[in-house]
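Here are my notes on this model, set out as numbered points. Please read them with the structure open.

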Amino acid sequence: HSSHQLIVSAGCYVHSKVSIVLQTRHAQICQSVAKKRKVFDSSRQRAEGTDIPTLKPMKPKPPKKQSNWRKKHDDFIATIRAAKSVAHIIKDGGPLPPPPPPTYDPDYIQCPCCQRRFNENAAERHIKFCQEQAARMPQRVLLMSKDQGPTEASFLISLCSIAF
């Protein structure tokens, strides 16, 4: 029919063919319905009539850390390539190259006692534990030379490994 047109409603994004009469009617209804509704806050309603303050103090969000995924990805690719080259050298029977230097995640925190690295939560727990263990250790064990037995760091590492 000639009285039908394709309309695009701005309020509800409807694409349809309707008559001109229905188009005007739809536009009026769509405008009245398309008003933004206020977000319902149940805590505010529960607090009505009580001594509870209605506005909660906002907790500051911790700042997001800069992502270092590209460095981790590049380290991973380099490790895979080194492993492939070592496998190829072993297959051919050549001498092994020296191992690559260890890579450390900068997000990890190093324990001052045993030099191990942990994420933030684990480091907080571990460092406290490790310092207590180091304080309890007798000084003569720490002063042992390499000829007599284990070093301080290896002894602390063995203590920490037992505890975790």
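1. Gln115 first. Its relative accessible area is 44%, so Gln115 ranks as partly exposed. Its position is the loop that runs between strand 3 and strand 4. The backbone deserves a look here: Gln115 is not a glycine, yet its phi is positive, at about 65 degrees.

2. A word on confidence. This is a predicted model. Mean pLDDT for the chain is 75. Residues at 70 or more make up 67% of the chain. Among the elements, strand 4 (residues 117-118) has the highest mean pLDDT, 93. Helix 5 (residues 139-142) has the lowest, 48. Over residues 140-148, pLDDT stays under 50. For that stretch the model has six contacts beyond four places in sequence.

3. Overall architecture. The chain has six helices and four strands. Their order along the sequence is β-β-α-α-α-β-β-α-α-α. Of the 164 residues in the chain, 13% are buried. Among contacts with a separation of 6 or more, 23% join residues 24 or more positions apart. The exposed area is about 14500 Å². Carbon and sulfur atoms supply 59% of that area.

4. Helix 3, geometry. Does its length agree or disagree with the expected span, and what are the two values? The helix has 24 residues, which at 1.5 Å a residue should span 34 Å. Its end C-alpha atoms are 35 Å apart, so the two agree. Just after helix 3 comes Gly93, with a positive phi of about 90 degrees.

5. Helix 3 and the loop after it. Val86 lies in helix 3. Its relative accessible area is 28%, so Val86 is partly exposed. Beyond its neighbours within four places in sequence, Val86 is in contact with Leu96 and Pro97. The C-alpha atoms of Val86 and Pro97 are 7.5 Å apart, with the two positions eleven residues apart along the chain.

6. The same contact, seen from Leu96. Leu96 sits in the loop between helix 3 and strand 3 (109-110). Is Leu96 buried or exposed? Its relative accessibility is 56%, so Leu96 counts as exposed. Outside its neighbours within four places in sequence, Leu96 is in contact with Val86 and Ile90. A further pair to check is Leu96 and Ser85, eleven residues apart along the chain: their C-alpha atoms are separated by 9.7 Å.

7. Asn68. This residue belongs to the loop between helix 2 (42-47) and helix 3 (69-92). At 18% relative accessibility, Asn68 falls under the 20% cut-off and therefore counts as buried. Which residues does Asn68 contact, neighbours within four places in sequence aside? They are Asp105, Pro106 and Asp107.

8. Rings and charges. The structure holds zero aromatic pairs. Tyr104 has a charge over its ring, however: the charged end of Arg117 sits there, 4.1 Å from the ring centre.

9. Helix 4. This helix covers residues 120-136. Its 17 residues should span 24 Å at 1.5 Å a residue, and its end C-alpha atoms are 25 Å apart, so the geometry agrees. Which residues of helix 4 are buried? They are Ala123, His126, Ile127, Cys130 and Gln133. In general, residues three or four places apart in an α-helix point the same way, because there are 3.6 residues a turn.

10. Points to keep in view. The positive phi of Gln115 belongs to a residue that is not a glycine. Residues 140-148 have pLDDT under 50 throughout. Helix 5 has the lowest mean pLDDT among the elements. For helix 3 and for helix 4, the end-to-end distance agrees with the expected span.

Terms used
Residues numbered from 1 in each chain as written. Predicted model: local features only at pLDDT ≥ 70, side-chain atom pairs only at ≥ 80, totals over all residues. Heavy atoms only, no water. Phe/Tyr/Trp six-rings, centres within 6.5 Å; stacked < 30°, edge-to-face > 60°. Lys NZ or Arg CZ within 6 Å of the ring centre and 35° of its normal. Helix = DSSP H or I, 4+ residues; strand = E, 2+ residues; numbered from the N terminus. Expected span 1.5 Å × (residues − 1). Buried < 20%, exposed > 50% of the residue type's maximum accessible area, 1.4 Å probe, protein only. Contact = heavy atoms within 4.5 Å. pLDDT = per-residue confidence, 0-100. Areas by Shrake-Rupley, 256 points an atom, 1.4 Å probe, with all protein chains shown as cover.
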